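Let's work through a few short exercises together, each with a solution taken step by step. Have a look at the sequence and the model first.

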Amino acid sequence: MTPFKTQAHIHSLDGAIDEITVLDIKEDGRQTIYIVDYRGVKCSAIFNPFNCTYYADDVYGRINE
């Protein structure tokens with residue numbers, strides 16, 4: 001997948017919108033999780049298809065490698 005930049009609601013900003021980079025998509029049959037980069041923090045995000053908005057969880061969804 002080619003990474004791309006988009007806007008998302010950010011957990012640590014109490015839902016305010018900022019730019020993220022979507023790096024990868026993980027699907028497990030029940031849900032789709034996006035791996036994103038927000039200001040150097042790799043974390044998980046979800047996409048809401050009803051309002052076409054990403055929600056990045058840079059508080060509890062941090063991915064440590």
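**Exercise 1: The aromatic cluster**

Y34, F47 and Y54 form one aromatic cluster. This is a predicted model, in which local features need pLDDT of at least 70 and side-chain atom pairs count only at pLDDT 80 or more, while totals for chains, interfaces and linings use all residues. Residues are numbered from 1 along each chain as its sequence is written, and side-chain values use heavy atoms, with hydrogens and water left out.

Task: describe the aromatic pairs, and say how buried or exposed their residues are.

Step 1. Recall what to look for: a pair of aromatic rings is described by the distance of the centres and the angle of the planes. Rings of Phe, Tyr and Trp (its six-membered ring) pair if their centres lie within 6.5 Å; planes under 30 degrees apart count as stacked, over 60 as edge-to-face and the rest as tilted.

Step 2. Searching the whole structure gives two aromatic pairs. The ring centres of Y34 and Y54 are 5.3 Å apart and the planes stand at 85°, so this pair is edge-to-face. Y34 belongs to strand β3 (residues 32–38) and Y54 to strand β5 (residues 53–62), so the pair ties together parts 20 residues apart in sequence. Strands here are DSSP runs (E, at least two residues), numbered from the N terminus.

Step 3. F47 and Y54 make a tilted pair, with 4.7 Å from centre to centre and 55° between the planes.

Step 4. Now check accessibility, where buried means under 20% relative accessible area, exposed over 50%, and partly exposed in between (1.4 Å probe, protein chains only). Y34 is buried at 13%, Y54 is buried at 10%, and F47 is partly exposed at 29%.

**Exercise 2: The surroundings of H9**

Task: which residues does H9 touch, not counting those up to four places away in sequence?

Step 1. Place the residue: H9 is in strand β1 and stands opposite I17 in β2. Strands β1 (residues 4–10) and β2 (residues 17–27) run antiparallel and are joined by six bridges; two strands pair if DSSP finds at least two bridges between them.

Step 2. List the contacts (heavy atoms within 4.5 Å). H9 touches G15, A16, I17, T53, Y54, Y55 and A56, so Y54 of the aromatic cluster is one of its neighbours.Step 3. Look for a polar atom pair: the side chain of H9 reaches the backbone oxygen of G15 at 2.7 Å.

Technical notes: Helices (H or I, at least four residues) and strands (E, at least two) are DSSP runs, numbered from the N terminus. A polar contact is a pair of N or O atoms within 3.5 Å; within protein, one must be able to donate a hydrogen and the other to accept it, and residues adjacent in sequence count only if both atoms are side-chain atoms.
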